[in-house]
Amino acid sequence: MARRLSHHDYTVGWVCALPDELTAAQEMLDEEHQNLPSNHTDSNIYTLGSIGAHNVVLACLPAGQTGTNSAVAVAMQMKTTFPAVRFGLMVGIGGGVPSKEADIRLGDVVVSQPGNGHGGVVQYDFGKSTPTGFKRTGFLNAPPTILLAAVTKLRSNLDRGRSSLSPHLSKLGNLPKFGRDQAGSDLLFEAEYNHSGQDSCLSCTTARTVQRNERADNIPMIYYGAIASGNQVMRDGVERDKISSEFGGVLCFEMEAAGLMNTFPCLVIRGICDYADSHKNKRWQPYAAGTAAAYAKELLGVIPAADVVDTQTVDEALREQALSKGRAVLTRRWADERSCSLATGVLQMEGYKSSSK
């Protein structure tokens, strides 16, 4: 019989946006737990379970309600209902940005990591109009330190050939739609070449595909860096590359993470299901959801449960961030007032000298 714990026993919050992502996440659980009484103010429906020594609460966005606003609503309700959650994982699919620096293929995994002056996730559609064009503003927080430390450990394990990604993926073996062989071929078209035809690319000319070397195996590659997030689906290869260049190179596009980074400290993990261009379709989504979920499971495997318990809860971390920002504002204001006071004194002194001559 499944165990029944309390709301205070769950320390990891796992958020996804689509049914396939939820299915993959549930299959990664080592054990499923009994449901807990619902809160009338919380509209989420949860799946409870454990991965290793971690008790995990899963939640998915309501059907048809993707985007940053929906993601933050789900996460805020989760942290209220489960007050012991220390950090979150945003796990699902995304559109890859292949480049000379990152030979991203369908089924690969992209993980948010700080760099190039940002926290790992950039909101590319947030800003203001100016006479010189659209200016992007705002800064999103980096993932919690405990998750970034786990990323470092996991990267080392992968380099040493100690990866459990394939065994974790095999947990989806009894669900045929999540198999790589169901996804079809992996074609990357030139950024300027737009899709022709209906759902498939049968009408698209292969003469406009980008020639790439075959990989030695089908094991997904893991990439770390910037993830571009916004409320619109990116399906334009030229615009994709333009935005990527503006931010110093992003690895994928998605639609939820920007709503979470400043309100629900988390790491973003995306399985690549398309190339964020006009040729995007849904055939690779189940497999990509599976690779992202498998990576999340492996990541939790390198985090000691004792370290999680010693970590601040989400609410505690947010309160500390607010206090830190408040102190910074007061410090800047004090410095500005002091500078003004000194400047006024100098001007008054100069005026006194002039009048004395």
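Start by selecting Asn-116, which is exposed, at 59% relative accessibility. You're looking at a predicted model, by the way. Asn-116 sits in the loop between β6 (109–112) and β7 (121–123). Check its backbone while you're there: phi is near 55°, a positive value in a residue that isn't glycine.

Now jump to Ala-276. Is Ala-276 buried or exposed? Ala-276 is buried, with a relative accessible area of 1%. Its home is the loop between β12 (266–274) and α6 (285–301). Its phi is near 55°, again a positive value in a residue other than glycine.

**Rings**

Next, show the aromatic side chains. How many aromatic pairs does a search of the whole structure find? There are 6. Zoom in on Tyr-10 and Phe-82, an edge-to-face pair with 5.7 Å from centre to centre and 85° between the planes. Tyr-10 is in the segment before β1 (12–16) and Phe-82 is in the loop between α2 (68–81) and β5 (87–96), so this pair ties together parts that are 72 residues apart in sequence. Both Tyr-10 and Phe-82 are buried.

Add Tyr-46 to your selection: ring pairs link Tyr-10, Tyr-46 and Phe-82 into a cluster.

For another pair, pick Phe-189 and Tyr-193. Their rings are tilted, at 40° between the planes and 5.7 Å centre to centre. Phe-189 is buried, with a relative accessible area of 3%. Tyr-193 counts as buried too, at 14% relative accessibility.

**The core**

Go back to Phe-82 and show what's around it. Leaving out residues up to four places away in sequence, Phe-82 touches His-7, Tyr-10, Leu-36, Tyr-46, Leu-48 and Val-57. Phe-82 is also one of the residues with the most contacts inside the largest nonpolar core, which has 82 residues. Others on that list are Trp-14, Leu-89, Phe-264, Ile-269, Tyr-295 and Leu-299. Which element gives the most to this core? That's α6, with 10 residues. As background, nonpolar side chains tend to be buried together in soluble globular proteins.

Another core, of 11 residues, lies apart from the largest one. To find it, select Val-97, Tyr-124, Ile-243 and Phe-253, which are among its members.

**Helix α3**

Last stop: select residues 145–159, which make up helix α3. Try the distance tool on its end C-alpha atoms: they are 21 Å apart. At 1.5 Å a residue, the 15 residues of α3 should span 21 Å, so the two values agree.

Now colour Ile-146, Leu-147, Ala-150, Val-151, Leu-154 and Asn-157, the buried residues of α3. They cover an arc of only 140° around the axis, which puts them on the same side of α3. The general rule helps here: an α-helix has 3.6 residues a turn, so residues three or four places apart point the same way.

What do the buried residues of α3 pack against? Show β5, β6, β10 (222–229), β12, α6 and α7 (305–309), and you'll have their partners on screen. Then spin the view round. The face of α3 turned away from its buried side carries the exposed residues Thr-145, Thr-152 and Asp-159.

Finish by clicking Gly-161, which follows α3 and has a positive phi, near 75°.

How values were computed. Residues are numbered from 1 along each chain as its sequence is written. This is a predicted model: local features need pLDDT of at least 70, side-chain atom pairs count only at pLDDT 80 or more; totals for chains, interfaces and linings use all residues. Side-chain values use heavy atoms; hydrogens and water are left out. Rings of Phe, Tyr and Trp (its six-membered ring) pair if their centres lie within 6.5 Å; planes under 30 degrees apart count as stacked, over 60 as edge-to-face and the rest as tilted. Helices (H or I, at least four residues) and strands (E, at least two) are DSSP runs, numbered from the N terminus. Buried means under 20% relative accessible area, exposed over 50%, partly exposed in between (1.4 Å probe, protein chains only). A nonpolar core is a set of buried Ala, Val, Leu, Ile, Met, Phe, Trp, Tyr and Cys residues joined through side-chain atoms within 4.5 Å. Contact means heavy atoms within 4.5 Å. The expected span of a helix is 1.5 Å times one less than its number of residues. The arc is that of the directions from the helix axis to the C-beta atoms.
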